[in-house]
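Biologist: Please take one part of this model and go through it closely, then set it against the rest of the chain. I would like a connected account rather than a list.

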Amino acid sequence: MKKLLLLMMLVAPLMACQEHKQEETQFVTVEDGHFMRSGKPYYYVGTNFWYGAILGSEGQGGNRERLCRELDEMKRMGIDNLRILVGSDGERGVKTKVEPTLQVKPGVYNDTILAGLDYLLMEMSKRDMLAVLYLNNSWEWSGGYGFYLEQAGAGKQPRPDDVGYPAFMKAMSQYADNEKAHELFYDYVRFILGRTNRYTNVKYVDDPAIMSWQIGNEPRAFDTEKLPAFEKWLAEASSLIRSLDQNHLISVGSEGAWGCEGSFESWERICSDRNIDYCNIHLWPYNWGWAKPDSLLENLPRACDNTKEYIDKHLEICARLKKPLVMEEFGYPRDGFKFDLGTPTAGRDGYYKYVFSLVADNAEQGGYFAGCNFWGWGGFAQPRHEQWQVGDDYTNDPAQEAQGLNSVFASDSTTLAVIREQVDRMKKVK
């Protein structure tokens, strides 16, 4: 009996270590330039689902029944990687901005949204889905840069719907070297990464349902002269995140060179930082002038050619850095630049199919293209107005964009068929 007890005492710590090791393998890691999960290569087809935390709340905008239905449908489709906004910032009742907001003022948080994020992560974990959580935004639709500048004493910041995007972007260029604004953001990062999920009692930093912390959505310098300060800020932010969390990957949320004032050199310097685990690019043929509203189908070949050239240049950099690449935003408007449910999506389907083929071809050849998140999941939403209004369903088109412009709905059968085909192909990549 004594020998048995002694044996159990010796074996128990080993079993505990094995159990802990098994838990650790659930986190996505990067090995030799490729994602790994549970000891196997991880390639994926994901989507953008920025409103997930709001949908998971029990306050304004919350709809947990719809959230679970959406997650079930995405899981059924094989879409297992969701890029999600942690929360928006600032005052409510502002046209073209997401609400309800999470961070009302620096250090003042809307607990219903925090509960929504907790609930979302719990439900994703049940379905073995992974979250990429972004913490900031250079654009107006969730607060981000403009909120931090105002709170840092830079005065009231303009919005594009009032002054236009050139004036807005010039104003946002102040953020790159505003250290007070940065410190306010860092306080927010410390708060979010320091959380424990109220439903699972799992610390965020220990939650395998999170794949990556992302510094922001499309962070930009907005001025070539501000690139050095911009790069410095991103390095500081990634260093802070790493000091708080040793388990999760860190990414930037960048558009690529397009988000670095056209500088591939700047993007390479940013991605080469030792705390940045993998690289991101975004692609928007319509927004970038490669496809016109009145000739979307006619412009599709040009959009595809420019897309390949843009991706190839970034893949060359990833090969030098030996880091995976994820194309985590891309979209194409509905035919005829229409927004209504049920309108044709031949142009979008063609663009998706082309992008997916580039990802899968490269992955099958052992390249660094590891995944993609299309923009974005509108699911079972029923848009009521072209301009989003409080009380409307959330689509994946933020409040400043026409509802239905880039969202993929559950009724878009042809697009879903293209996505499903890519999911099946990526599952075979080893």
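Modeller: Strand β8, residues 130–134, pairs with β9 in the parallel sense, over four bridges. Within that pairing, valine 132 stands opposite serine 212 of β9. The model is a predicted one, and everything below should be read with that in mind.

Strand β9 covers residues 210–214, and five of its five residues are buried. Its pairing with β8 is not the end of the matter, since three bridges also join β9 to strand β10, residues 249–251, and these two run parallel. Here tryptophan 213 of β9 has isoleucine 250 in β10 as its bridge partner. In general, the strands of a sheet pair through backbone hydrogen bonds, in either a parallel or an antiparallel sense.

Past β9 the chain enters the loop that leads to α9 (227–244), and glutamate 218 is located in this loop. Glutamate 218 has a phi near 50°, which is a positive value in a residue other than glycine. The side chain class might suggest a question about cover: glutamate 218 has a relative accessible area of 7%, and because that is under 20% it counts as buried.

Phe222 also turns up in the surroundings of methionine 172, which has contacts with Ser138, Tyr145, Gly146, Leu149, Gln157 and Phe222 once neighbours within four places in sequence are set aside. Methionine 172 itself belongs to helix α7, which runs over residues 165–172. Its relative accessible area is 1%, so methionine 172 is buried. One of its contacts, serine 138, is 34 residues away in sequence, yet the C-alpha atoms of the two are 7.5 Å apart.

A contrast to the parallel pairings is found towards the start of the numbering. There three strands make an open sheet in the order β1-β2-β3, with antiparallel pairing. Strands β1 (29–31) and β3 (40–41) are at the edges, each with a single partner strand, so one side of each has no neighbour in the sheet. β1 is joined to β2, residues 34–37, by three bridges. Threonine 29 is placed opposite methionine 36 of β2.

Two peptide bonds in the chain are worth a check against the coordinates. The bond from glutamate 99 to proline 100 is cis, with omega near 5°, and proline 100 sits in the loop between β5 (81–85) and β6 (103–105). The bond from tryptophan 375 to glycine 376 is also cis, with omega near -15°. Glycine 376 is in the loop that connects β13 (369–374) and β14.

Both residues of that second cis bond recur in the contacts of asparagine 406. Not counting residues up to four places away in sequence, asparagine 406 touches Trp284, Gly331, Tyr332, Pro333, Arg348, Trp375, Gly376, Asp397 and Glu401. Asparagine 406 is itself a loop residue, between β14 (377–379) and β15 (408–409). With a relative accessible area of 3%, asparagine 406 is buried.

The loop between β12 and α12 holds phenylalanine 337, whose phi is positive, at about 55°, although it is not a glycine. Lysine 338 is in this loop as well, between β12 (325–330) and α12 (346–364). Lysine 338 is partly exposed, with a relative accessible area of 49%. Apart from residues up to four places away in sequence, lysine 338 touches Thr343 and Gly404. Lysine 338 and alanine 402 are 64 residues apart in sequence, with 9.5 Å between their C-alpha atoms.

Now the chain as a whole. Its secondary structure comes to 13 helices and 15 strands. Of its 430 residues, 59% count as buried. Among contacts with a separation of 6 or more, 75% are between residues 24 or more positions apart. For 430 residues a compact globule would have a radius of gyration near 22 Å, and the 21 Å of this chain agrees with that. Along the principal axes, the C-alpha trace spans about 85 × 50 × 45 Å.

The accessible surface comes to about 17500 Å², and carbon and sulfur atoms contribute 52% of it. The chain carries 48 positive and 61 negative side chains, and the centres of these two sets are 4 Å apart.

Key: Residues numbered from 1 in each chain as written. Predicted model: local features only at pLDDT ≥ 70, side-chain atom pairs only at ≥ 80, totals over all residues. Heavy atoms only, no water. Buried < 20%, exposed > 50% of the residue type's maximum accessible area, 1.4 Å probe, protein only. Contact = heavy atoms within 4.5 Å. Rg over C-alpha atoms; globule rule 2.2 N^0.38 Å. Areas by Shrake-Rupley, 256 points an atom, 1.4 Å probe, with all protein chains shown as cover. Lys, Arg positive; Asp, Glu negative; His and termini not counted. Charge placed at Lys NZ, Arg CZ, Asp CG, Glu CD. Pairing = 2+ DSSP bridges.
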